[in-house]
Amino acid sequence: MNSDKFRKVLRDIDTFIFDADGVLWLGEDVMPGSPDFLDHLIKLGKRVIVLTNNATKSRAVYAKKLAAMGYHPSITKDSIVNPAAVVADTLHRAGIHRT
């Protein structure tokens, strides 16, 4: 896809979902160019969601990691989906609440 086609497609997309490890970072190293690209999307008013299947850290820890790597400050724990968040949402939707 060339840049002109990408710009046209970009107009029709409201939300972008990115995998974390291997796409936004690799281990403790940021993937070159990815903070700038996400910053560009956010400045265009696009919603950015970060997805990880790693359940060893909280969403808040991942948000801090993204901030330390130079990602846009609007990417917070509420922008991150991990297994614990999915389970909590599923339980909530099923009507299972803390007693």
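What share of the 99 residues in the protein is buried? Buried residues make up 26% of them, where buried stands for under 20% relative accessible area, exposed for over 50%, and partly exposed for what lies in between, with a 1.4 Å probe and protein chains only. Before I go on, please keep in mind that this is a predicted model, in which local features need pLDDT of at least 70 and side-chain atom pairs count only at pLDDT 80 or more, while totals for chains, interfaces and linings use all residues. Residues are numbered from 1 along each chain as its sequence is written, and side-chain values use heavy atoms, with hydrogens and water left out.

Let me begin with the fold. The protein has 4 helices and 5 strands, and from the N terminus on these elements follow the order α-β-β-β-α-β-α-β-α; helices (H or I, at least four residues) and strands (E, at least two) are DSSP runs, numbered from the N terminus. The C-alpha trace spans about 55 × 30 × 20 Å along its principal axes. If we take the contacts, meaning heavy atoms within 4.5 Å, between residues at least 6 apart in sequence, 68% of them join residues at least 24 apart.

Now to two positions around helix α2. Lysine 43 is found in this helix, and it counts as exposed because its relative accessible area is 64%. From lysine 43 to phenylalanine 6, which is 37 residues away in sequence, the C-alpha to C-alpha distance is 16 Å. Glycine 45 lies in the loop between α2 (34–43) and β4 (47–51), and with 60% relative accessibility glycine 45 is exposed as well. Its C-alpha atom is separated by 7.8 Å from that of aspartate 14, although the two residues are 31 apart along the chain.

Turning to the surface, the accessible area, from the Shrake-Rupley method with a 1.4 Å probe, comes to about 6,900 Å², and 56% of it belongs to carbon and sulfur atoms. Val87, Leu91 and Ile96 make a nonpolar surface patch of about 260 Å²; such a patch takes residues with over 30% relative accessible area and no salt bridge, with nonpolar side chains joined within 5 Å, a salt bridge being a side-chain nitrogen of Lys or Arg within 4 Å of a carboxyl oxygen of Asp or Glu. Leucine 91 itself sits in helix α4 (residues 83–93) and, at 38% relative accessibility, is partly exposed.

Terms used
Patch = residues over 30% accessible without salt bridge, like charges linked within 9 Å, V, L, I, M, F, W, Y side chains within 5 Å.
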